[in-house]
Amino acid sequence: MSTYQWPYPNELNTIEHVSCDVLVLGGGLSGCFAAIAARKQGLDVAIVEKGAIEKSGSAGTGFDHWESACTNPCSKVTPEEIAYAYIDEQSHFSNGIFHYITCREGYDRLLDIERMGGKIRDTEDDFQGARFRDEDTKLMFAYDYQNRFTLRVWGTTFKPALYRELKRLGVKIYEHVEATALLKENKHGAGAIGMQIHTGKLYVFQAKATVLAMSRPARVWLFNADQPGLCEFRPFQSIGSGHAMGWRSGLELTMMEKSVRAEFSAAGRSFPPYGTGNNHNTWYAATMVDARGVEIPYVDRDGNELTDYYARYYPSQGQKFFLKGGVIDEPKYAYRGPETLPFDELIKRGYQLPFYADLSRMPELERKVIWGMMVGQEAKTNIPIYHYYQTRGFDPTQHRLQSYGNGWQSASFLDQERQFFGAPGGLMHDWDLKTNIDGIYACGDALFGSDCAGSACATGHYAGRKAASYAKTVLMPGLSSEAIDKEKQRLYAPLEHENGLNWKELNMAISKAMQNYCGASKCDALLLEGKRLLKEYEKIIVPQLSCVNPHELMRTHEVLDILTVSQLVIEACLARRTSVKALNFERTDVHSDAPQQHIVISQQDGMIHTREVDLDYYGDLKENYEKHNADDRGESNGI
Amino acid sequence: MEFKVKPIPSSSQPITYEADLCIGCNRCVQVCQCDVLFPGEKTPIVMYPGECYYCGACVMVCPVKGAIKLTHPLMNQARFIPIDDDHQS
């Protein structure tokens with residue numbers, strides 16, 4: 001294999017200083033909205049993104065559902081109804097503030113995106129007459145056709161539109177720059193440090209307020225050295241650096257002890273996302289058949305077979321609405337919608353594997369909205385599924401697409417193969433989406449209990465305007481050269497060794513350690529052994545890491561963050577003393593029925609601090625939202 | 001220090017270029033959020049194929065239809081079968 005000349009300039013040891021009022025770390029949907037909202041207040045704003053904003057983040061190449069758009073003109077539910085339903089569904093281990101902001105302001109963000117050039121309605125009348133379409137507004141709905149609070153949207157148009165808007169507004173854009181550390185001055189947020197991933201140049205961002213808009217962690221339990229890009233569901237490079245740098249800086253996190261049995265890894269058991277026959281999420285409510293071509297029945301929440309095709313889109317008798325979507329897995333009876341018969345029941349009744357999605361049996365517009373609109377707009381489906389499958393000859397009127405496993409994840413994982421799915425842990429915050437450190441805010445996947453694209457946009461905008469309001473009240477903080485030098489040393493260290501260990505070897509070791517010591521069943525002895533092992537990795541292995549260029553240096557930094565997150569997860573597990581079903585947290589050594597609270601965890605100079613916080617600490621949602629947003633309720637007003 | 005780079009092989013080849021169609025504009029290189037692609041002499045170089053997460057951004061921004069092809073690993077090619085009318089009971 002030939003060695004190439006490095007195609008970018010070598011800017012090692014160059015430091016560029018940037019100062020701004022509001023600094024946004026992460027250029028996904030959430031970060032873009034944070035930057036736009038802050039800039040709209042007339043402030044100097046900078047945004048930092050490891051990839052290219054036009055296509056970066058979990059929704060970089062699209063998404064198809066916008067959940068909880070309770071204020072859209074066709075909605076028959078209130079923000080309070082849906083936000084409290086989510087809280088109840090998640091047994092109060094749920095982020096009420098996050099859900100309420102989504103329900104209350106989400107639709108305004110859609111209107112913003114439309115003004116920027118994104119497509120949110122069927123303006124070409126491709127679906128005229130469909131039951132899921134409102135003829136006046138041309139909005140299109142998914143799941144619950146009665147209550148109309150989940151929208152089908154053309155998500156491939158969103159990131160390019162947001163990128164254009166950032167440029168139009170004059171936000172300072174730093175792409176291909178990884179944010180690596182937060183800066184603090186006198187216990188206040190003071191900005192961050194970043195590294196250009198092609199040149200090795202360091203950036204010191206000095207800011208009055210900082211918004212963390214980075215992803216949830218990944219590659220903690222799942223890793224594949226041959227195809228690392230496929231080992232998780234979200235983008236390969238989104239590994240929770242915000243969580244890691246927050247932990248290192250003393251930010252509080254909660255619910256980090258929550259992990260679920262893995263649901264998705266196309267490097268292992270899964271297939272390309274949304275690329276197999278199923279009837280979940282993007283593919284709801286596809287008609288499913290068994291190996292003989294016998295149709296699999298849909299049933300209501302009481303198990304009654306639905307004979308009318310359209311009944312699969314309506315609540316049961318006596319039920320006002322049902323929930324479906326990204327974090328809804330096996331909903332409680334109150335929120336359970338129509339579903340195909342449970343897998344075990346199907347096998348018992350003699351249905352034969354393999355199962356298939358057979359869209360040919362669906363009404364034409366229902367088929368076309370799945371294959372052609374939803375598949376095609378959802379993340380990672382436009383090219384890899386919609387176009388690629390057609391190249392392979394797939395025609396939904398002529399073919400059945402196979403289903404694997406027994407659900408949308410198209411696979412069955414082992415218990416110790418775990419993942420941050422279904423509203424995982426993240427940063428603790430108040431009604432301003434402010435963390436425990438003044439001047440540092442968070443949004444989207446950085447927050448605990450996060451959810452879908454609509455939430456990312458809604459909380460991003462909200463955090464951006466709160467950060468901007470704060471920035472207007474403070475002077476530019478000073479910077480400690482000691483902290484900058486220390487980070488520089490940490491970042492460049494792997495370039496200074498030759499023939500050391502590769503980042504993949506450490507990632508493999510961490511994921512195996514986490515499977516062994518922090519799998520499904522936990523107990524102190526096991527967790528403490530895991531903690532010791534990770535500490536050994538930190539002390540003995542990390543100094544041996546080496547790499548030869550800035551790209552591989554970035555990958556090495558990511559694994560250092562994965563190690564930090566893994567240590568944080570173990571600390572959070574040690575701090576939770578009893579099993580909690582809602583957190584998928586199972587302890588074998590301590591059992592108690594005592595009422596559970598949030599365990600909020602942070603570290604300072606290696607010392608772990610925990611405190612308990614009431615699960616419903618946010619209080620009455622409507623009342624507190626209005627109290628904290630008396631001047632600005634985030635209405636879409638002509639971005 | 002002088003940076004070095006060489007392609008890191010993977011068992012799959014996610015991205016291939018049609019050399020006759022590629023105009024070498026490097027839009028794909030710039031937009032790839034996993035930094036898999038590097039500018040090359042004629043077509044970009046797939047330097048880190050294992051790091052591809054198959055989002056398709058490179059194909060979406062490519063100005064020439066057919067210049068880039070994204071292919072799933074063989075093990076991930078989901079099966080589909082013709083509908084057999086006899087079975088539609």
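**Note on the predicted model: strand pairing, chain contact and backbone geometry**

1. In this predicted model, M288(A) stands opposite A357(A) of strand β15(A). The two strands concerned, β12(A) and β15 (residues 356–357) of chain A, are antiparallel and are joined by 2 bridges.

2. These strands belong to an open sheet of 4 strands, ordered β12(A)-β15(A)-β16(A)-β6(B), with antiparallel pairing. At its edges stand β12 (288–289) of chain A and β6 of chain B; each has a single partner strand, so one side of each is left without a neighbour in the sheet.

3. The link between the chains in this sheet is made by β16(A) and strand β6 (residues 80–82) of chain B, which pair in the antiparallel sense over 3 bridges. Within that pairing, R400(A) has I81(B) as its bridge partner in β6(B).

4. Contact between the chains involves 49 residues of chain A and 42 residues of chain B. On the chain A side, α9 (382–391), β16 (399–402) and α14 (550–575) each supply at least two of the residues that touch chain B. By class, that side of chain A comprises 22 nonpolar, 20 polar and 7 charged residues. Strand β16(A) thus appears both among the elements that supply this side and in the pairing with β6(B).

5. Parallel pairing is found elsewhere in chain A. Strand β2 (residues 15–25) of chain A runs parallel to strand β9 (residues 202–212) of chain A, and 10 bridges join the two; V18(A) stands opposite F205(A) in β9(A). Strand β2(A) is also joined by 4 bridges to strand β3 (residues 45–49) of chain A, again in parallel, and there the bridge partner of V22(A) is V45(A) in β3(A).

6. The connection between β2(A) and β3(A) passes through helix α1 (residues 29–40) of chain A, and the three elements make a right-handed β-α-β unit.

7. Helix α10 (residues 453–471) of chain A permits a check of geometry. At 1.5 Å a residue, its 19 residues should span 27 Å, and the end C-alpha atoms are 26 Å apart, which agrees. Of those 19 residues, 18 are buried, so α10(A) is largely enclosed by the rest of the structure.

8. Two peptide bonds merit inspection. Most residues other than glycine have a negative phi, and most peptide bonds are trans. The bond joining Y284(A) and A285(A) is cis, with omega about -5 degrees, and A285(A) is placed in the loop between β11 (260–261) and β12 of chain A. A cis bond also runs from L353(A) to P354(A), with omega near 0 degrees; P354(A) is found in the loop between α6 (343–348) and β15 of chain A. The loops in question therefore involve β12 and β15, the pair described in point 1.

9. Two residues other than glycine have a positive phi. For S91(A), phi is near 50 degrees; this residue lies in the loop between α2 (79–89) and α3 (96–116) of chain A. For R148(A), phi is about 55 degrees, and the residue lies in the loop between α3 and β5 (151–152) of chain A.

10. Is each of these two residues buried or partly exposed? S91(A) has 14 C-beta neighbours inside 10 Å and therefore counts as partly exposed. R148(A), with 23 C-beta neighbours inside 10 Å, counts as buried, since the cut-off for that class is 20 or more.

Key
Residues numbered from 1 in each chain as written. Chains lettered and ligands numbered in written order. Predicted model: local features only at pLDDT ≥ 70, side-chain atom pairs only at ≥ 80, totals over all residues. Pairing = 2+ DSSP bridges. Right-handed = clockwise from strand over helix to strand, strands pointing away. Contact = placed C-beta atoms within 7 Å. Nonpolar A, V, L, I, M, F, W, Y, C, P; charged D, E, K, R; others polar. Expected span 1.5 Å × (residues − 1). Buried ≥ 20, exposed ≤ 12 C-beta atoms within 10 Å, placed from the backbone.
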